[in-house]
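Colleague: I'm new to this, so could you walk me through the chain step by step?

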Amino acid sequence: MKTKISLLLVLFLMSVGLQAQIDRSKQPEAGPAPKITLKTPHEFELKNGIKVLVVENHKLPKVTYSLRIDNKPITEGNKAGVASLLSSMLGNGTTSIPKDKFNDEIDFLGARLSFSSSGAYGSSLTKYSNRILELMADAAINPLLTEEEFQKEKQQLIESLKSQEKSVDAIAGRVGSALSFGKNNPFGEFITEETINNVTLEDVKNFYHTYFLPNHAYLVVVGDIDEKTAKKEITKHFGKWKKGAEPNTSVPAITPNVAKTQIDFIDMPNAVQSNVVVTNNVDLKMSDPDYFAAKIANYILGGGGEGYLFKNLREKHAYTYGAYSSIDASRYNGGRFDASSQVRNAVTDSAVVQILNEIKRIKTEPVDQKDLESAKAKYVGSFVMALERPETVADYALNIKLNNLPKDFYETYLEKVNAVTPADIQKAANKYFEADNSRIIVVGKGSEVIENLEKTGIPVKYYDTYATPIDKPNYQSAVPAGVTANKVLENYLTAIGGKEKLDKVTSLVIKYEAEAMGSKIISEEKRTAGHLAQNVYMNDNLMMAMVVSPEEVFVKQGGAKNPIPAEMAADMKLASGLFIEQNLLAAGTAKLAGTEDVEGKKAYKVEVPGTTVSYALFYDVETGLKVKESQVISMGGQSQTQDALLKDYKAFDGILFPSTKESSQMGQPINSKLTEVLVNSGVADEDFK
């Protein structure tokens, strides 16, 4: 026993002595990069040209199949959308298996199977893998392309586009690509309702027969399967796929950048924030010797919370919730560098200046060694974590083939990352990040941001939401003399019934009903002077209730009563009572912001400022009726807007109410119909408790 105690004491004293010799004021030096050894996949090629890579991994009873058709970039022209339609139609049955039976079998097997116009993916347990491969091959070789399915997918694609009409992000992406590469370039063209309507089922079939071919196909197999079995099954199911003529496509030329930095502005009157993207095209390929320096330089600039952009725009200036950058390598001249952020309207011009400053900084100042080591650690960590996935070996092997990389590209990956120096970073930044030849794509509310953007001294060009050049919009809408916010509000109250009728109203119950996501949604408002109770029902079950009163504002859900933050509550009290216009007249805070077009008609825009919740109300110039409501909630550096169009007013007890409200939730259009209005009945004190 004594021997054991003495031994423990000696070990303890040794450890204390060793710790005392460590200088903890110095960061430990990094050890040598670990040696990476990647297993070589089994490879073979079928007679029809399909190249197969098999990676055996028997740890789990699972097999995955990834089919990739490596065509050159394709321009669809006035039928843009044909590839998207083919993607949505593939995998919905085969010429021998109806759609429902096909999908039911996949579900029964607990498997996954999906398609696109350039490939497919399937996975299942080992015991079902041959059947999933067979179904994948059948759907790829014998797709069920019917007129009925075509019309359904076509309509869904059109609806999806309509839901993006007011999306600042969607418009920024579309216009940014179109201006960077050109509308006739595969990387710049976009889908519109018009181009979709040009597409026929025959076009989809022709696209399939022209481009969905085994000639340039790769099939990557990973999992609990051996090479011999894989070769036998793949040859059996995919060997019957016939070669086709080589597609008549070519690699697009590199698109030059603008001669001088310019702001390309797209006006979005509904925007509550500006989407700012500083961008330039790059000729970067994975095989380039400065590939790693370029990627790490981008990470230091805007790869995350430690990036220059994030620290400047969010932490230092509080312009935004986040600011980031990206750089894409492309085999086919489709690479871009982007530095982007979504910022408050009031600081749009300042954000542009600061983004450019940070780009110039990384081009002119050597990066701090700590920033460089942090960026390297990110890449090393991502690489090592990826190696845990069996699919990684096959992905890397395919990458080497497609990108013409040296065979030891991934085995020496860590060495290349760790070899990058501050000088390499600065050199790559000067080569790939443009400060003097970049486009600054700004999508925002012109009436609030364009004046300050013009003061930056950077030339401003104007485009519509489809990247067509336009003249500068007239943001100073003429308002007739004598028209004020109060006058507009008073005219509305007169238009819906007049003072005599409205003065007799003591309470209101208003119900709207809509269908959304397969459910019936009822929105019920109960109103008295200074009070509002709004109840939302889904399939006749109360989901949520919000109560606004002079004393408190709270939300009730599942029996719990949760108070609303004080600043938000103060803003929301303006929307309580019988009619918001009565509150606004009493408060005197509404401002007339000119006129805007609402569904092709001029409307006065009345803005109601708020700390957290603000409103914009639109009143038809001719009728005085309210035709649109817009509510903006701003919290935590982010803003969310909710628009509703008000249509088809109908009278209840001599007072007009809109019988239809058109809005959207999560991109889904919601059409609410007025089902009930009760004047001076149906409201009790308990409704507001």
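Modeller: Sure, one definition to begin with: helices (H or I, at least four residues) and strands (E, at least two) are DSSP runs, numbered from the N terminus. This is a predicted model, where local features need pLDDT of at least 70 and side-chain atom pairs pLDDT 80 or more, while totals for chains, interfaces and linings use all residues. Residues are numbered from 1 along each chain as its sequence is written, and side-chain values use heavy atoms, with hydrogens and water left out.

Colleague: How many helices and strands are there in the chain?

Modeller: Counting those DSSP runs, the chain has 21 helices, and its strands number 26.

Colleague: What share of the residues counts as buried?

Modeller: Buried means under 20% relative accessible area, with a 1.4 Å probe and protein chains only. The chain has 689 residues, and the buried share is 47%.

Colleague: Which helix gives the most to the largest nonpolar core?

Modeller: A nonpolar core is a set of buried Ala, Val, Leu, Ile, Met, Phe, Trp, Tyr and Cys residues joined through side-chain atoms within 4.5 Å. The largest one has 63 residues, and Ile362 and Phe433 have the most contacts inside it. Nine of its residues, the biggest contribution, come from residues 291–302, helix H10.

Colleague: Which Ile residues does Phe433 touch, leaving out residues up to four places away in sequence?

Modeller: Contact means heavy atoms within 4.5 Å. Phe433 touches Phe337 and Leu301, among others, and the Ile residues in its list are Ile327, Ile359 and Ile362.

Definitions and conventions. Buried means under 20% relative accessible area, exposed over 50%, partly exposed in between (1.4 Å probe, protein chains only).
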